[in-house]
There are 2 protein chains.
Amino acid sequence: MTTPDTPTALVGEDLETWAALATVLEWLPAALDSQLQRDAQLTHFEYGVLYALANAPDSTLRMSVLSGYANSSLSRLSRAVTRLESRGWVRREPDPVDGRFTLAILTDSGRTKVDEATPGHAQTVHRLVLDRLTKPQVRQLREISRRITRAIGDGQEWEPPR
Amino acid sequence: MTTPDTPTALVGEDLETWAALATVLEWLPAALDSQLQRDAQLTHFEYGVLYALANAPDSTLRMSVLSGYANSSLSRLSRAVTRLESRGWVRREPDPVDGRFTLAILTDSGRTKVDEATPGHAQTVHRLVLDRLTKPQVRQLREISRRITRAIGDGQEWEPPR
DNA sequence: AGCATTCACTTGACTGAGCAAGTAATCGCC
DNA sequence: GGCGATTACTTGCTCAGTCAAGTGAATGCT
């Protein structure tokens, strides 16, 4: 008689799957950063910030909203925006509606930067991920990713950073 | 007539899939680190090092081999082992066979540490990933992950860190 | 209206990772 | 067998990220 115990170690297929995923978790972000760094002197995270601003109305977002889009803590975002600001791609303004909020605003040269960086990044995502998979696999990957994200959100003992 | 151009931006299903995966890439490592940090004062990377040693003959591996197993650069590994050494879980010895190699050796208390940390980590992997997926999805995830890893390895302009 | 509280960041101290330069051990070649 | 590569790390510097404490703006309670 077998019992569906909570497992105390990963074995067999589970271990292999986890090992494969863990490798992706380690290498894919590094590969993405590498391309963006080489071609646009941007980390993937910084690109994400610029991209989110580029797709926002008036190229403007409150820091706290932006940190949500970028899956980031406010302090990480604050430092990243400082860097982007010093390179002239973003500027900050207090929100006239409520001075506690800070608006991050994409500058014209920031927009140019995103536009230049986007094709290379999109190509890399295709080359490393999308083009390697069958269409059903792409769908599965989306569903699998969402399930994992939901599981993380559900965890009572851990809040994803905002 | 449509042409299969190299795309210059991600749109539609591709964008959604990529966004979902990017979220996993951001949150899953953080969630894993969070549990291990809380329950065992270990990063996921440090756990991986101890785990690899625990499963090696004589609980011993050359630094360069270990860095392969841990998907890490030698310099990152060197620093991690320094930390683990200072906590008494690993010790270093020059390889008697060839003094250029350094052997990393798991201590008894290091073994105890891995054994204590493993069930909680395995549970977290189940809770966040494996238990959320159907069996076919687990298989697909393994295959998808391997394809992505292979794609990264193929890239001529980027070598995965050893 | 006045003052403590809350909110939305920002910043200082510290840690971990990458890169490149350094170091010690061994190998290869004459 | 001596000496210039090569190999296998290690380490100094710099930078990004976290945590916790700090700051300035708005809110609420009386």
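Which residue of chain A comes closest to the rotation axis? The residue is A:L25, with its C-alpha at 3.0 Å from the axis. The legends below describe close-up views of this predicted model.

**View 1. The rotation axis that relates chain A to chain B.** Chain A superposes on chain B by a rotation of 180° with 0.0 Å of shift along the axis, and the RMSD is 0.1 Å. The two copies are thus related as by a two-fold rotation axis. Both copies use the same surface, since 100% of the contact residues of chain A recur in chain B.

**View 2. The largest nonpolar core.** This core holds 44 residues, of which A:W18, A:L28, A:V129, B:W18, B:L28 and B:V129 touch the most other members. In chain A, two or more residues of the core come from each of α1 (12-40), α5 (108-128) and α6 (135-154); in chain B, α1 (12-40), α5 (108-128) and α6 (135-154) likewise give two or more. In soluble globular proteins, nonpolar side chains tend to be buried together.

**View 3. The surroundings of B:V129.** Leaving aside residues up to four places away in sequence, B:V129 touches A:L21 and A:I148 in chain A, and B:L28, B:T124 and B:L141 in chain B.

**View 4. The protein surface near DNA strand C.** DNA strand C is surrounded by 18 residues, the closest being A:S64, A:R79, A:T102, B:R79 and B:G99. At least two residues of this surface are supplied by each of α3 (63-69) and α4 of chain A and α4 of chain B. Three of the residues are nonpolar, seven are polar and eight are charged. Sugar or phosphate makes up 68% of the strand C atoms within 4 Å of the protein, and bases make up the rest.

**View 5. Polar contacts to DNA strand C.** A backbone N or O atom of A:T102 lies 2.8 Å from a phosphate oxygen of the strand. The side chain of B:R76 places an N or O atom 3.2 Å from a phosphate oxygen, while a polar side-chain atom of B:R100 is 3.5 Å from a sugar or linking oxygen.

**View 6. DNA strand D and its polar contacts.** Among the 18 residues around DNA strand D, A:G99, B:S64, B:R79, B:R92 and B:T102 come nearest. Of the strand D atoms that come within 4 Å of the protein, 68% belong to sugar and phosphate. A base oxygen of strand D lies 3.0 Å from a polar side-chain atom of A:R79. Phosphate oxygens of strand D lie 3.2 Å from a polar side-chain atom of A:R83 and 2.8 Å from a side-chain N or O atom of B:R92.

Conventions:
Residues numbered from 1 in each chain as written. Chains lettered and ligands numbered in written order. Predicted model: local features only at pLDDT ≥ 70, side-chain atom pairs only at ≥ 80, totals over all residues. Heavy atoms only, no water. Near = heavy atom within 4 Å. Polar contact = N/O pair within 3.5 Å; in protein donor to acceptor, adjacent residues only side chain to side chain. Core = buried A, V, L, I, M, F, W, Y, C linked by side-chain atoms within 4.5 Å. Buried < 20%, exposed > 50% of the residue type's maximum accessible area, 1.4 Å probe, protein only. Helix = DSSP H or I, 4+ residues; strand = E, 2+ residues; numbered from the N terminus. Contact = heavy atoms within 4.5 Å. Least-squares fit on C-alpha atoms with pLDDT ≥ 70 in both. Nonpolar A, V, L, I, M, F, W, Y, C, P; charged D, E, K, R; others polar.
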